[in-house]
Structures are given as C-alpha cells and as structure tokens.
Amino acid sequence: MNLGLLNIFLIIVFFSNQLLSEPLQMKYAKFRILDKISNKLIDKTISVDESDAIETLKVQVYACFTEPPTEIAEDYVLVDIFDIYKDEKKSVYRGWMISSSPEVTPLEHPIYDLWLVGCINDKTS
C-alpha cells in the first residue's frame, strides 16, 4: 500500500517541472492565409496588441504564446477577426488558434482560410 503511494509521489515529483512550466509570451504572431478563389497564399506577421488587414479580413492579435524549448513545440494566439466588406464590419472569429492543430480552431469563411504559423520574437524570422 505504502509502496504504491511512494511510486505516485515519485512520479509527481519527477514530472512536476513539466507541469509547472510557464508558456513564453512572444511579440509577433505569424499567419498564413489562403484565398480559395485565386489559390494565393499570403504570409503576414502581426505584432501583439495591434491589428492589420489581410485582404478583406482585419486581424487583431491580443496575445501570442509558445511553449518553452523543453516542452513539445506548440504556439497559440488569441485573436479577433473581422470581415470588412462594403464598409460593413462583421466578426467572423474570436478566440484561440493553435499552430499544431488548425483544424481544431478553424476560421470558417467562404473565401479565406487563415491559420497560425507560429509565435516569434523577431519579425525577420
């Protein structure tokens, strides 16, 4: 009985550094957008706490995080995306996007697919 508790305690202590690791906040979010009509790919880097237009979409980035190098590579971004057409602004997506699984948090738009490529600190990378 005590041996089972000791094993559980040792497993918790051994993996506790991974459980307590904090994600790293990055300065830029890098997106890729596909225009489904023209089959054109566009890469765009947007600074955190700023917005930028990509075709008819306006993307506002609130936060961008990545896991520490000791963890499995994963980037996630908090965004608000609007479609602006004929001076009409319509919200099409609000929430978190995950770089490794774009199909889990997709932007559902008839013309565009947009997904997170990654979070970076240097805009040139």
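**Entry 1: before starting**

I count two strands as paired if DSSP finds at least two bridges between them. The model I have open is a predicted one, so I keep to local features with pLDDT of at least 70.

**Entry 2: the chain as a whole**

I began with the list of elements and found one helix and eight strands in the protein chain. Read from the N terminus, the order is α-β-β-β-β-β-β-β-β, with the helix at the head of the list.

Next I looked up burial: 33% of the 125 residues of the protein chain count as buried. The accessible surface is about 8,400 Å², and carbon and sulfur atoms account for 58% of that surface. I also checked how far along the sequence the contacts reach. Taking contacts between residues at least 6 apart in sequence, 46% join residues at least 24 apart.

**Entry 3: the three-stranded sheet**

How are the strands ordered in the open sheet of three? I read the order as β3-β2-β8, and the pairing is antiparallel. The edges belong to β3 (40–47) and β8 (112–120), each of which pairs on one side only. On average, neighbouring strands of this sheet are turned by 20° against each other, with direction ignored.

I then followed one of the pairings more closely. Strand β2 covers residues 28–35 and pairs with β3 through eight bridges, in the antiparallel sense. For a landmark on screen, I picked Tyr28, which stands opposite Ser47 in β3.

**Entry 4: β5, β6 and β7**

On to β6, residues 75–85. Is this strand largely enclosed or largely open? Eight of its eleven residues are buried, so I note β6 as largely enclosed by the rest of the structure.

I looked up its pairings too. With β5 (residues 57–66), β6 makes nine bridges in the antiparallel sense; here Lys58 faces across to Phe82 in β6. With β7, there are ten bridges, and these two strands also run antiparallel. Val79 is a handy place to look, since it stands opposite Gly95 in β7.

The link from β6 to β7 is a hairpin with two residues between the strands. I checked the turn and found Lys86 there with a positive phi of about 55°.

**Entry 5: the cavity**

How many cavities of 30 Å³ or more are there? My count comes to one. The largest cavity holds about 30 Å³ of space.

I wrote down its lining as Met97, Ile98, Pro102, Thr105, Pro106, Leu114, Trp115 and Leu116. Both β7 (88–98) and β8 supply at least two of the lining residues. The most comes from β8, which gives three residues. I had already met β8 as an edge strand of the three-stranded sheet, so it was nice to see this strand turn up again in the lining.

**Entry 6: Thr105**

I picked one lining residue, Thr105, for a closer look. Where does Thr105 lie? I found Thr105 in the loop between β7 and β8. Buried or exposed? Its relative accessibility is 16%, and the cut-off for buried is under 20%, so Thr105 counts as buried.

Leaving aside neighbours within four places in sequence, I listed Tyr93, Trp96, Met97 and Ile98 as the residues in contact with Thr105. Among them, Met97 and Ile98 also line the largest cavity. Last, I took a distance back to Gly95: ten residues away from Thr105 in sequence, and 8.4 Å away from C-alpha to C-alpha. That is the Gly95 which stands opposite Val79, which brings me back to the β6 and β7 hairpin.

Conventions:
Residues are numbered from 1 along each chain as its sequence is written. This is a predicted model: local features need pLDDT of at least 70, side-chain atom pairs count only at pLDDT 80 or more; totals for chains, interfaces and linings use all residues. Side-chain values use heavy atoms; hydrogens and water are left out. Helices (H or I, at least four residues) and strands (E, at least two) are DSSP runs, numbered from the N terminus. Axes are lines fitted to C-alpha atoms, for helices over the stretch in contact, and angles run from 0 to 180 degrees between N-to-C directions. Buried means under 20% relative accessible area, exposed over 50%, partly exposed in between (1.4 Å probe, protein chains only). Contact means heavy atoms within 4.5 Å. Accessible areas come from the Shrake-Rupley method with a 1.4 Å probe; for residues, only the protein chains shown count as cover. On a 1 Å grid over the protein atoms alone, a cavity is a set of points where a 1.4 Å probe fits but cannot get out, and a pocket is an open set with protein on both sides within 12 Å along at least five of seven lines; lining residues have an atom within 4 Å of a point. Grid points are joined across faces, edges and corners, and a volume is the space filled by probe spheres set on the points.
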